Amino acid sequence: MDKIHEAEKATQEENADKDTMLRFMTALDDAIKVVHKRNHKWWISLETGEPIKRNVGELLMLIVSEVAEGMEGHRKNLQDDKLPRFPMITVELADAIIRIMDLAGGLGLELPQAWYEKMQFNYTRIDHTRAHRLGEHGKKY
Ligand SMILES: [Mg+2]
């Protein structure tokens with residue numbers, strides 16, 4: 001394949017990727033609303049039914065705990081106990097995503113937009129290039 005065709009193919013692929021990410025961003029925005037609506041019970045007082053202010057640090061650590069559970073499942077090669085057709089790591093990562101989405105919904109974070117922009121930013125980062133990573137202080141993983 002000549003250089004022009006390679007460049008055209010790369011541009012088409014980048015445009016297709018961008019289109020996929022934009023569609024996901026829209027879907028993520030909608031899904032965050034659904035997740036937060038379904039988790040509404042965690043954002044109101046059990047006693048009064050009034051909205052409560054959640055502890056953001058606690059919610060962030062609950063996300064970490066799901067990731068840690070996923071690590072244990074992977075480390076021990078376990079199937080999930082609630083959805084046994086899936087490996088535990090898969091279900092725990094799903095839990096982490098759910099918690100992240102609920103937090104984003106609860107705090108009104110622009111997560112879909114930030115996700116899209118960070119994907120674009122990371123794509124062109126010098127410190128993520130092979131040459132930089134092979135350098136003395138480059139990121140090895
Ligand atoms: Mg879990």
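Start with α2 and α3, which are roughly antiparallel to each other, since an angle over 145 degrees counts as such. This is a predicted model, so treat every stop on the tour as a look at a prediction.

**Stop 1: α2 against α3**

Select residues 56-75 for helix α2 and residues 88-107 for helix α3; their axes cross at roughly 170 degrees and come within 7 Å. To see the contact itself, show side chains on both helices. On the α2 side, pick L59, L62, I63, E66, V67, E69, G70, G73 and H74. Their partners in α3 are M88, I89, E92, L93, D95, A96, R99, I100 and L103. Colour this contact of α2 with α3 by residue class and you will find 10 nonpolar, five charged and three polar residues.

**Stop 2: α1 across α3**

Keep α3 on screen and add helix α1, residues 3-38. Here the axes are 8 Å apart and the packing angle is about 90 degrees. That makes α1 roughly perpendicular to α3. From α1, select A31, I32, K33, V35 and H36, which meet I98, M101, D102, A104, G105 and G106 of α3. The contact of α1 with α3 contains six nonpolar residues, along with three polar and two charged ones.

**Stop 3: along α1**

Now hide everything but α1. Its 36 residues reach 51 Å from the first C-alpha to the last, close to the 52 Å expected at 1.5 Å a residue. Is α1 mostly buried or in the open? Of its 36 residues, the number buried is three, so α1 lies largely in the open. Highlight L28, I32 and V35 to see those buried residues of α1. An α-helix has 3.6 residues a turn, so residues three or four places apart point the same way. Bring the rest of the model back: the cover over the buried residues of α1 includes α3 and α4 (111-123).

**Stop 4: inside α3**

Return to α3 and put a distance label between its end C-alpha atoms. They are 28 Å apart, which agrees with the 28 Å that its 20 residues should span at 1.5 Å a residue. Which residues of α3 are buried? Select M88, I89, V91, E92, R99, M101, D102, L103, A104, G105 and G106. What do these buried residues of α3 pack against? Look around them for α1, α2 and α4.

**Stop 5: two backbone spots**

Just after α3, click on G108, where phi is positive at about 65 degrees. Then move to the loop between α2 and α3 and find N77. Most residues other than glycine have a negative phi, and most peptide bonds are trans. N77 is not a glycine, yet it has a positive phi of about 55 degrees. With 9 C-beta neighbours inside 10 Å, N77 counts as exposed.

**Last stop: zoom out**

Show the full chain as a cartoon. There are five helices and zero strands in the protein, and the pattern along the sequence reads α-α-α-α-α. The radius of gyration is 20 Å, well over the 14 Å that the globule rule gives for 141 residues, so the protein is more spread out than a compact globule. Aligned to the principal axes, its C-alpha atoms fill a box of roughly 70 × 35 × 35 Å. If you colour by burial, 12% of the 141 residues count as buried. For a contact map, keep pairs with a separation of 6 or more: residues 24 or more positions apart account for 52% of those contacts.

Technical notes
Residues numbered from 1 in each chain as written. Predicted model: local features only at pLDDT ≥ 70, side-chain atom pairs only at ≥ 80, totals over all residues. Axes fitted to C-alpha atoms, helices over the stretch in contact; angles between N-to-C directions. Helix = DSSP H or I, 4+ residues; strand = E, 2+ residues; numbered from the N terminus. Parallel < 35°, antiparallel > 145°, perpendicular 65-115°, else oblique. Contact = placed C-beta atoms within 7 Å. Nonpolar A, V, L, I, M, F, W, Y, C, P; charged D, E, K, R; others polar. Rg over C-alpha atoms; globule rule 2.2 N^0.38 Å. Buried ≥ 20, exposed ≤ 12 C-beta atoms within 10 Å, placed from the backbone. Expected span 1.5 Å × (residues − 1).
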